[in-house]
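Dear colleague,

I am passing on the structure we spoke about, and my notes on it come after the model itself. Please open it alongside the text, so that each residue can be found as it is named.

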Amino acid sequence: MKEWAANENALIEVSATEISDKYNGKAWWICPVCDYKYTMSVQARCLKEKRHQNARPRCNGRLQKRLHFL
């Protein structure tokens, strides 16, 4: 969980080594490519990682499309 945002997740009071991959609560993540911070549930993030999918919204182009049409 190298993309875990430790400072933002301090409110959860659980570190990345103590949390289960089945945890459905939202957590903060940091993209290693563009340093964008985003929220996603731990369960969804781990599932995307197991499927070798890109979970980062900005690098997937989802945020740029949404901003473009606003």
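What follows goes from the overall make-up of the chain to its core, its first helix and a few single residues.

Please keep in mind throughout that this is a predicted model. The chain has 70 residues, of which 27% count as buried, and its elements are 3 helices and 2 strands, which run β-β-α-α-α from the N terminus on. The accessible surface of the chain comes to about 5200 Å², and 52% of that surface belongs to carbon and sulfur atoms. Among the contacts in the chain with a separation of 6 or more, 26% are between residues 24 or more positions apart.

The core

The largest nonpolar core is made up of 9 residues, namely Trp 4, Ile 19, Ala 27, Trp 29, Tyr 38, Met 40, Val 42, Cys 46 and Ala 55. Strand 1 (26–30), strand 2 (37–41) and helix 1 (42–50) each supply at least two residues of this core. Cys 46, which belongs to this core, has a relative accessible area of 15% and is therefore buried, the cut-off being under 20%.

Helix 1

Which residues of helix 1 are buried? They are Val 42, Arg 45 and Cys 46, and because they cover an arc of only 95 degrees around the axis, they lie on the same side of helix 1. As general background, an α-helix has 3.6 residues a turn, so residues three or four places apart point the same way. The buried residues of helix 1 pack against both strand 1 and strand 2.

Arg 45 deserves a separate look, since at a relative accessible area of 6% this residue of helix 1 counts as buried. The side chain of Arg 45 makes a polar contact, at 3.4 Å, with the side chain of Tyr 38, and Tyr 38 is itself one of the residues of the largest nonpolar core. Leaving aside neighbours within four places in sequence, Arg 45 is in contact with Glu 3, Trp 29, Tyr 38, Met 40 and Ala 55.

The segment before strand 1, and strand 1 itself

Asn 9 is found in the segment before strand 1, and with a relative accessible area of 2% Asn 9 is buried. A polar atom of the Asn 9 side chain lies 2.9 Å from the backbone oxygen of Ala 5. Beyond its neighbours within four places in sequence, Asn 9 is in contact with Trp 4, Val 14, Ala 27 and Trp 28, and of these partners Trp 4 and Ala 27 are listed in the largest nonpolar core.

Lys 26 lies in strand 1 and counts as exposed, at 59% relative accessibility. Once its neighbours within four places in sequence are set aside, Lys 26 is in contact with Ile 12, Thr 39, Met 40 and Ser 41. In the case of Ile 12, the two residues are 14 residues apart in sequence, and their C-alpha atoms are 9.3 Å apart in space.

Two loop residues with positive phi

Asp 35 is placed in the loop between strand 1 and strand 2, where Asp 35 has a positive phi of about 60 degrees although it is not a glycine. With a relative accessible area of 58%, Asp 35 is exposed. His 52 comes just after helix 1 and takes a positive phi of about 60 degrees, and its place is in the loop between helix 1 and helix 2 (57–60). His 52 is exposed too, with a relative accessible area of 76%.

The cysteines

How many disulfides does the structure hold? The count is 0. For Cys 34 the nearest cysteine sulfur is that of Cys 31, at 3.6 Å, and because a disulfide requires the sulfur atoms to be within 2.5 Å, Cys 34 is in no disulfide. Cys 34 counts as partly exposed, at 31% relative accessibility, whereas Cys 46 is buried.

With best regards

Note on methods:
Residues numbered from 1 in each chain as written. Predicted model: local features only at pLDDT ≥ 70, side-chain atom pairs only at ≥ 80, totals over all residues. Heavy atoms only, no water. Buried < 20%, exposed > 50% of the residue type's maximum accessible area, 1.4 Å probe, protein only. Helix = DSSP H or I, 4+ residues; strand = E, 2+ residues; numbered from the N terminus. Contact = heavy atoms within 4.5 Å. Areas by Shrake-Rupley, 256 points an atom, 1.4 Å probe, with all protein chains shown as cover. Core = buried A, V, L, I, M, F, W, Y, C linked by side-chain atoms within 4.5 Å. Polar contact = N/O pair within 3.5 Å; in protein donor to acceptor, adjacent residues only side chain to side chain. Arc of directions from axis to C-beta.
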